Structure formats: C-alpha cells, structure tokens
Amino acid sequence: MNRTELIEAIAEKTGFARKDVEKTVKVLIGEVIEKVANKEKVQVAGLGTFEARNRAERVGKNPHTGEKLKIAAVTAPAFKAGKAFKKAVAEKNATE
C-alpha cells in the first residue's frame with residue numbers, strides 16, 4: 001500500500017472527503033518527521049514508537065575488495081512496533 005492507497009482507504013472507511021484525509025495524512029507524517037528529527041519520541045498506541053537512534057562509528061568492509069573502511073557515526077530514524085501491532089501480524093500469519 002502506498003500513500004495514495006492509504007488516503008483512499010481512510011476516506012472510504014471514514015466517509016471524509018479525500019482532500020481532507022490527504023491534508024491530515026500530510027500533517028501527521030510531517031509532525032512525526034519533525035519530532036523525530038528533533039530527537040523526540042513519537043508513540044502511537046496500538047502502532048508503535050518512532051524515534052532517532054544514534055549509531056556509533058564502526059569499521060566495515062568493502063564486499064568487493066575486502067578493504068576495511070571507517071563508517072561514520074550517524075543518527076538514524078527507527079520504528080519499534082507496539083505490542084498490539086506485533087500481535088495482529090503474528091495472529092494473521094499464524095492462520096495462513
């Protein structure tokens with residue numbers, strides 16, 4: 001499912017205008033990105049937690065040459081699925 005399909009599904013299920021749902025989804029995504037970029041956690045009950053995580057500098061290896069190289073430290077976005085989300089996925093896949 002892509003963003004357009006998500007907007008269509010929400011509009012269909014809620015009866016809200018597609019234009020209004022599109023604005024809401026755009027604001028939601030923008031807020032999550034802004035908060036995580038500012039190193040704040042965004043917790044959505046039933047879904048999970050979005051946060052920024054620090055990765056330390058480390059030594060890697062070029063797979064083609066085998067040469068060792070330094071990989072710089074970085075702050076990266078991360079998502080941890082919530083308990084209800086994990087349970088729903090596990091139950092759905094257990095029946096298939």
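**A tour from hairpin to helices**

Start by selecting strands β1 and β2: they form a hairpin with three residues between them. In that turn, Gly-46 has a positive phi of about 85°. Strands (E, at least two residues) and helices (H or I, at least four) are DSSP runs, numbered from the N terminus. This is a predicted model, where local features need pLDDT of at least 70, side-chain atom pairs count only at pLDDT 80 or more, and totals for chains, interfaces and linings use all residues. Residues are numbered from 1 along each chain as its sequence is written, and side-chain values use heavy atoms, with hydrogens and water left out.

**The sheet**

Select residues 42–44 for β1 and 48–55 for β2. They run antiparallel, joined by three bridges. Two strands count as paired if DSSP finds at least two bridges between them. Click Val-42: its bridge partner in β2 is Phe-50.

Now add β5, residues 74–81. β2 and β5 pair in the antiparallel sense over eight bridges. Gly-48 has Ala-81 as its bridge partner in β5.

Show the three strands together. They make an open sheet in the order β1-β2-β5, with antiparallel pairing. β1 and β5 are the edge strands, each pairing on one side only. The twist averages 30° from one strand to the next.

**The aromatic rings**

Which residue of β5 stands opposite Phe-50? Phe-79 does. Show both side chains. Rings of Phe, Tyr and Trp (its six-membered ring) pair if their centres lie within 6.5 Å; planes under 30 degrees apart count as stacked, over 60 as edge-to-face and the rest as tilted. By this rule there are two aromatic pairs. One of them, Phe-50 with Phe-79, is tilted, at 4.8 Å centre to centre and 45° between the planes. Phe-50 lies in β2 and Phe-79 in β5, so the pair ties together parts 29 residues apart in sequence.

Add Phe-85: with Phe-50 and Phe-79 it forms one aromatic cluster. Colour by accessibility next. Relative accessible area is 24% for Phe-50 and 36% for Phe-79. Both count as partly exposed, between buried (under 20%) and exposed (over 50%), with a 1.4 Å probe and protein chains only.

**The first helix**

Finish with α1, residues 3–14. This helix of twelve residues reaches 16 Å from its first C-alpha to its last, close to the 16 Å expected at 1.5 Å a residue. The expected span is 1.5 Å times one less than the number of residues. At its start, a side-chain oxygen of Asn-2 reaches to within 3.0 Å of the backbone nitrogen of Thr-4. Just after α1, Gly-15 takes a positive phi of about 80°.

Notes:
Polar contact = N/O pair within 3.5 Å; in protein donor to acceptor, adjacent residues only side chain to side chain. Axes fitted to C-alpha atoms, helices over the stretch in contact; angles between N-to-C directions.
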